[in-house]
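Hello,

Here is the structure I promised to pass on to you. Please have a look at it first, and then read my notes below.

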Number of protein chains: 2
Amino acid sequence: MTFEPHGMHLIGGEWKETAQRFSSQPVSGASLQFSEADADVVDEAVKSAEAAFWDYGYTDRHARAAFLEKVAEEIERRGADITAIATAETGLPEQRLEGERGRTVGQLRLFASHIRQGDYLDRRHDAAKPDATPPAPDLKLVQRPIGPVAVFGASNFPLAFSVAGGDTASALAAGCPVVVKGHPAHPGTCEIIAEAIAAAAEKCGIHPGVFSMLQGASHEAGTLLVTHDLIRAVGFTGSLAGGRALFDLCARREEPIPFFGELGSVNPNFLLPDALANRGDEIAKGWAASLTMGVGQFCTNPGLMVTLSGPEADRFTEETADALSKVGSAVMLTEGIATAFRKGSDAIANACGVKTLIKAEARGRNAAPALYKVSAKAFMEDPSLAHEVFGPLGIVVLASNAQEMRAVAERLEGQLTCTLHMDNDDTEFARTLMPVLERKAGRLIANGFATGVAVSDAMIHGGPYPASTNFGATSVGTMAIRRFLRPVSYQNMPAALLPDDLRHK
Amino acid sequence: MTFEPHGMHLIGGEWKETAQRFSSQPVSGASLQFSEADADVVDEAVKSAEAAFWDYGYTDRHARAAFLEKVAEEIERRGADITAIATAETGLPEQRLEGERGRTVGQLRLFASHIRQGDYLDRRHDAAKPDATPPAPDLKLVQRPIGPVAVFGASNFPLAFSVAGGDTASALAAGCPVVVKGHPAHPGTCEIIAEAIAAAAEKCGIHPGVFSMLQGASHEAGTLLVTHDLIRAVGFTGSLAGGRALFDLCARREEPIPFFGELGSVNPNFLLPDALANRGDEIAKGWAASLTMGVGQFCTNPGLMVTLSGPEADRFTEETADALSKVGSAVMLTEGIATAFRKGSDAIANACGVKTLIKAEARGRNAAPALYKVSAKAFMEDPSLAHEVFGPLGIVVLASNAQEMRAVAERLEGQLTCTLHMDNDDTEFARTLMPVLERKAGRLIANGFATGVAVSDAMIHGGPYPASTNFGATSVGTMAIRRFLRPVSYQNMPAALLPDDLRHK
């Protein structure tokens with residue numbers, strides 16, 4: 001039996017309609033009607049999260065782990081339906097969505113095992129020193145959940161960065177109820193995943209306010225959500241403009257709250273001379289494949305390749321162009337994204353000093369790969385060339401020497417990743433770049449591509465602004481849980497009043 | 001030989017004058033002239049910090065530990081001079097300043113030992129899994145320093161929360177150069193401490209840009225400092241109005257930066273029935289002593305005492321009034337603080353339903369303790385009664401039952417601390433309050449007073465807004481170093497390019 005969305009919001013375990021509607025825009029199948037969230041349902045969802053927190057915020061972490069695992073199970077049970085509707089809504093291929101489902105349930109299970117271990121609680125104990133001057137009290141510290149969290153899903157990962165993605169998984173793991181603002185590019189997918197989470201909560205006997213999902217295509221619901229006085233933090237993945245607007249709203253609140261936004265990155269690559277000479281062709285092919293993976297719709301899409309000009313760089317550029325020319329146009333996540341891609345690509349094509357190598361026509365919701373080249377000098381003179389164009393677009397930046405390559409690195413904004421392509425003889429060259437790149441990005445890669453973000457303990461998916469609005473945080477990997485915790489210290493507190501996590505190991 | 005301030009700024013190891021001046025306002029001795037920072041010296045100081053970062057940010061942590069210890073030593077060498085000028089400038093007694101000096105050097109040495117241990121680096125390693133689907137890369141993670149940090153000292157701790165206080169110590173420990181905006185209430189003290197830090201840097205062969213100190217009595221220097229594009233974070237202790245203004249500037253930057261501000265707290269106490277009956281007199285005396293310690297000029301001054309109305313509460317209130325009436329008026333840190341105290345005290349005296357128990361006249365820079373009482377109902381109807389009045393002022397809030405006491409707790413803003421005074425029979429009562437208090441404060445105390453903040457691993461000096469602008473952070477204790485670090489992940493990176501802290505244990 002195939003899943004048919006009813007178009008309602010999920011609020012504290014119940015499905016509710018609102019008067020206003022918006023239409024979904026699937027690539028295949030009929031457009032459907034979805035309720036548009038208004039002030040009343042936003043308030044209801046947040047109040048239900050707050051009510052749930054008094055219960056859920058004090059649950060045993062093993063109970064939360066079981067809940068996360070049940071969410072994974074409920075998602076798997078709906079696997080075929082999820083793939084069907086997500087494929088229709090996003091145009092992403094079946095296999096990709098199946099892989100992404102695996103990533104999503106793997107992430108939920110990773111957080112389950114992470115909180116079971118308990119290291120994330122960062123428990124500390126300073127024993128009393130009554131004879132010290134001044135006498136020191138007994139102090140115990142533990143990380144506690146912060147309260148209701150708002151999550152904004154991304155369009156480009158309808159499962160792994162959306163309703164049950166890393167933000168939701170880490171907030172629920174921490175002990176925080178979640179209110180998701182569903183992404184209007186895949187509202188039916190949002191609905192079926194919300195249904196899975198609600199089913200898991202019911203089966204595990206968790207307070208239904210632990211999770212709500214609001215549908216909406218306008219900015220209003222998001223604005224109402226981040227300015228609601230009971231929301232304690234926001235997780236967001238999306239555009240610089242949209243993210244900055246929400247960040248500003250959070251900062252301007254009477255009581256400001258943290259906004260954890262991942263807003264944009266061009267993920268520069270630095271191709272060093274020895275690697276260029278030895279493996280230029282192979283790197284060109286790898287780059288073209290990474291650039292066009294998922295129609296270039298990855299946060300970690302490697303948009304820039306900085307190298308030293310010369311015949312080897314020319315050959316590398318030709319190889320890349322050749323590989324890209326074999327990739328046809330493909331459907332993007334939304335028509336808006338496709339339009340923005342073409343506009344961004346045109347702007348680069350028309351910028352001073354830029355030479356177009358590949359640029360094919362595409363219409364409607366389609367995009368074809370594009371490749372440009374520009375001198376480092378011209379690149380540095382036009383900061384707009386360093387801004388993300390979301391989609392399959394690469395720029396080769398040709399530096400005349402090592403100093404200029406470092407100068408390019410110094411001009412970069414904050415990035416999710418920076419990559420070095422290097423062979424043994426490049427080590428000294430790489431050493432001059434490392435301190436610069438380290439200040440620019442959350443993850444530094446040698447000889448690989450940034451697409452493919454492992455979900456693990458040592459992963460950082462974040463970095464200086466605008467890659468992230470909070471350079472100390474990651475939205476992928478177990479460290480993501482820290483965003484939704486705060487340390488509390490208990491002084492001379494009787495054991496009966498300590499949180500369970502401080503009473504038992 | 002006595003120290004005589006020359007009134008200059010310390011910029012990257014050199015003392016410099018600016019054209020504009022302001023006058024110090026010591027309690028004893030002559031007023032002196034100090035340079036007022038302008039745009040040029042702010043820019044010079046920050047650029048010198050940035051230049052130093054390329055060196056200092058890559059120092060061995062054992063070298064930084066030795067530097068911090070040398071700073072402590074240089075402060076101790078100047079001990080008598082520091083006490084002399086700080087006493088004259090602030091009016092705080094000698095013994096208190098000697099204790100505070102001990103706290104300051106103890107803090108520097110604690111951070112030295114903390115970074116030597118290396119746990120703060122939070123090193124993680126996910127080994128490559130080439131056979132996994134998808135194959136997992138080798139990932140290593142370490143916490144890296146963020147770059148130049150701006151620090152604003154507080155007036156109330158001229159040593160421990162000022163030029164070489166916890167913000168500076170933790171930033172330097174992390175590997176971040178520091179630019180301090182000295183507090184105009186004790187500019188001579190700022191100068192001698194800056195001199196000690198510069199001497200330590202020179203003796204340890206540390207880049208002189210690692211530390212600068214700018215004098216200034218206007219808001220301009222602070223504004224220029226937090227909006228300088230090379231500053232990566234701000235540490236601040238001070239008033240709500242001043243702190244919020246700087247927070248807003250940081251949030252509105254093109255590239256927003258974190259502002260770690262500690263802005264205000266009334267540190268409510270909840271006196272439960274069994275403790276009131278058994279130890280009311282003793283708690284009254286303890287409260288009066290804590291309220292008037294340092295003329296009430298502590299961030300953790302216990303301004304509110306919430307208890308159940310009745311004859312025992314009346315007796316408690318009388319005992320407190322009696323103890324406070326024996327404490328005379330005393331000189332405050334600045335005339336502005338004394339004026340604000342009298343204004344705040346008058347406003348409470350005139351608020352609806354408030355009864356004045358103790359309120360003595362005081363003039364100029366002096367303040368006398370004040371005690372008020374109010375019903376919980378009237379307290380909750382007037383939110384201004386819950387705002388901090390900096391100085392020796394207490395309010396007894398009388399609730400008619402346990403529910404009302406909890407309602408008072410629910411209405412509170414964020415606090416540095418909340419305290420329970422309880423005996424064995426109060427445990428159940430306390431249990432109803434704990435979840436509320438835990439959401440309000442960074443530190444929960446049983447049967448003690450919040451004044452006296454241990455500098456240790458499990459201390460949190462922070463909390464929800466406005467106690468702190470960043471509820472995940474502390475400004476006291478070893479965890480304070482986290483504010484000035486960011487995680488960086490290294491993927492398949494050759495050992496030669498890894499930071500030293502990832503190559504060696």
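Strand β21 of chain A, residues 485–491, pairs with β20(B) in the parallel sense, over 3 bridges. One of the residues involved is Gln491(A), whose bridge partner in β20(B) is Ile445(B). Please keep in mind that this is a predicted model.

That strand pairing belongs to a wider contact between the chains, to which chain A and chain B each bring 55 residues. On the side of chain B that touches chain A, the elements giving two or more residues are β5 (124–126), β6 (139–145), α14 (427–440), β20 (441–446) and β21 (485–491). Which of these elements gives the most? That is α14(B), with 7 residues. By class, this side of chain B has 30 nonpolar, 14 polar and 11 charged residues.

Next, the symmetry. A turn of 180° with a shift of 0.0 Å along the axis lays chain B on chain A, with an RMSD of 0.0 Å. The two copies are therefore related as by a two-fold rotation axis. Both copies use the same surface, and 100% of the contact residues of chain B recur in chain A. If you would like to find the axis on your screen, start from Ala251(B): its C-alpha comes closest to the axis of the residues of chain B, at 3.2 Å.

Now to the fold of chain A itself. The chain has 15 helices and 21 strands. Its domain assignment gives domain 1, made of 9–263 + 468–503, and domain 2, made of 269–446. The centres of these two domains, taken over C-alpha atoms, are 34 Å apart. Where the domains touch, 11 residues of domain 1 are in contact with 12 residues of domain 2. The domain 1 side of that contact consists of 3 nonpolar, 6 polar and 2 charged residues.

Finally, some overall figures for chain A. Its C-alpha atoms fill a box of roughly 75 × 70 × 40 Å along the principal axes. The radius of gyration is 24 Å, which agrees with the value near 23 Å that a compact globule of 505 residues would have. Buried residues make up 60% of the 505 residues. Among the contacts with a separation of 6 or more, 76% join residues 24 or more positions apart.

I hope this gives you a good start, and I look forward to hearing from you.

Best wishes

Conventions:
Residues are numbered from 1 along each chain as its sequence is written. Chains are lettered from A and ligands numbered from 1 in the order in which they are written. This is a predicted model: local features need pLDDT of at least 70, side-chain atom pairs count only at pLDDT 80 or more; totals for chains, interfaces and linings use all residues. Helices (H or I, at least four residues) and strands (E, at least two) are DSSP runs, numbered from the N terminus. The radius of gyration is taken over C-alpha atoms; the globule rule is 2.2 Å times the number of residues to the power 0.38. A residue is buried if 20 or more other C-beta atoms lie within 10 Å of its own, exposed if 12 or fewer, and partly exposed in between; C-beta atoms are placed from the backbone. Two residues are in contact if their C-beta atoms, placed from the backbone, lie within 7 Å. Domain bounds come from an automatic or database domain assignment. Ala, Val, Leu, Ile, Met, Phe, Trp, Tyr, Cys and Pro count as nonpolar, Asp, Glu, Lys and Arg as charged, and the others, Gly among them, as polar. Copies are superposed by least squares on the C-alpha atoms of residues with pLDDT of at least 70 in both. Two strands pair if DSSP finds at least two bridges between them.
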